[in-house]
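Hi,

Here is the structure I promised to pass along. Have a look at it first, and then read on for what turned up.

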Amino acid sequence: MEADLRRAIKENELRLFYQPQIDLVNGQIVGFEALVRWQHPSRGMIPPSSFIPLAEECGLIVPLGEWVLKTACYQIKTWSLSRPAFGQIAVNVSAVQLGRGNFAAMVKTIINETGIQPENLEIEITESSVMSNLTSAIESLSELKALGVRLSIDDFGTGYSSLAYLQQLAVHKLKIDISFVRKILVNSGDASIVQAVIALGHSLGLEIIAEGVEELAQAKYLRFLQCDVMQGFLVSKPLPVDEIEAFLNSYEPLSIPVDDEGSRTVLFVDDEPNVLSALMRSLRRENYRILTAGNGETALQLLAENQVGVIICDQRMPGMNGIEFLARARVIHPSVVRIVLSGYSNVDSIAESINRSEIYRFLTKPWDDAELKEVIREAFRYYETLQSKKLY
């Protein structure tokens with residue numbers, strides 16, 4: 001088997017398959033995980049569980065891992081030209097690779113050779129491999145982060161990590177292990193662990209991805225728990241390049257139902273029609289239900305007729321100004337999260353409104369689309385947290 005594997009690396013018998021990762025809010029593809037397979041000439045397709053442990057034991061994981069990284073980076077280069085919004089590709093890295101002193105240097109060489117943007121590459125490290133040599137892992141991860149590469153802890157919750165060190169690792173993402181996701185709808189213990197991991201990750205500013213999602217009900221529950229991204233057979237099994245290309249050409253964003261209409265409804269209030277149009281364009285791929293109003297009176301009527309989760313309101317409007325409108329909305333609809341978006345700021349009135357809990361955030365015009373989308377997502381998480389507390 002070892003001799004066959006050595007030959008496989010030399011004679012290009014390895015294949016990379018790609019599994020899509022899906023944003024749980026808008027259903028869009030935000031990235032892929034690269035998964036290695038071995039096309040053996042006589043035994044057929046061999047899964048990684050059958051040869052990765054052998055590769056680690058005999059030292060072949062180093063050349064094998066380098067091949068995987070390089071192949072994935074060339075695919076990133078291809079997709080960055082043909083599909084600029086493809087996101088990133090995640091590559092699994094073993095403890096043996098990470099423990100080598102020149103791993104970060106090798107990654108830098110491959111990035112330079114392929115000419116990719118570092119942020120399009122994500123390095124996944126299992127929780128147990130990090131903790132097996134924590135000092136070395138922290139050093140290697142710091143070097144990788146300095147390159148601009150994204151970092152993820154895979155199989156989180158299955159190892160023995162100390163929460164005291166989680167912040168020191170400076171990663172971008174936690175990946176919830178499939179063992180917790182598989183029974184999330186029937187096992188209260190697994191559900192509690194997933195909920196705790198999501199809350200912990202968000203408190204540290206990390207993105208959370210759940211792997212092994214096979215049912216729409218699982219996706220719906222994960223969205224209710226405010227998980228960010230999912231991966232699994234519900235959307236697609238891992239596919240070779242030619243099949244993933246066909247999949248991407250035919251993919252329609254997955255619509256994940258929600259019980260609470262307010263958790264996907266945002267109300268924009270501004271007296272300038274062009275601003276309302278621009279705000280709607282900013283969220284065109286976010287799968288929100290969008291309502292608009294040109295003044296406070298119309299907005300209050302819409303709130304009476306619709307369940308709304310987040311309000312984004314201009315400050316200076318004829319008649320009822322933004323702060324006055326939001327103060328009324330707070331009394332009538334206390335669960336709605338209120339945000340001011342304005343080119344004018346009266347510091348005293350804004351500070352007073354924040355202190356009285358009338359507004360959640362204050363944003364200025366002109367806005368940055370990426371920042372606006374992230375603030376709205378945070379606001380909906382807060383709204384959903386308030387709603388979930390009502391259930392207990």
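A small question to begin with: is Glu305 buried or exposed? Please keep in mind that this is a predicted model. Glu305 is exposed, because its relative accessible area is 54%, and the cut-off for exposed is over 50%. The residue belongs to helix α14, which covers residues 296-305. Its side chain is not without a partner, though: the side chain of Glu305 makes a polar contact of 2.7 Å with the side chain of Gln301.

Now to helix α10, where there is more to tell. This helix runs over residues 188-203, 16 residues in total. From first C-alpha to last, α10 reaches 22 Å, close to the 22 Å expected at 1.5 Å a residue. Its buried residues are Asp190, Ala191, Val194, Val197, Ile198 and Gly201. Viewed down the axis of α10, they fall within an arc of 130 degrees, so they line one face of the helix. The general background is that an α-helix has 3.6 residues a turn, so residues three or four places apart point the same way.

What do the buried residues of α10 pack against? Their partners are the strands β6 (150-156), β7 (173-176) and β8 (207-211), along with the helices α9 (178-181) and α11 (216-224). On the face turned away from the buried side, α10 carries the exposed residues Ser188 and Ser203.

The ends are worth a look too. At the N-terminal end, Asn187 caps α10, with a side-chain oxygen 2.8 Å from the backbone nitrogen of Gly189. After the helix comes Gly205, whose phi is positive, near 75 degrees.

Best wishes

Conventions:
Residues numbered from 1 in each chain as written. Predicted model: local features only at pLDDT ≥ 70, side-chain atom pairs only at ≥ 80, totals over all residues. Heavy atoms only, no water. Helix = DSSP H or I, 4+ residues; strand = E, 2+ residues; numbered from the N terminus. Expected span 1.5 Å × (residues − 1). Buried < 20%, exposed > 50% of the residue type's maximum accessible area, 1.4 Å probe, protein only. Arc of directions from axis to C-beta. Contact = heavy atoms within 4.5 Å. Polar contact = N/O pair within 3.5 Å; in protein donor to acceptor, adjacent residues only side chain to side chain.
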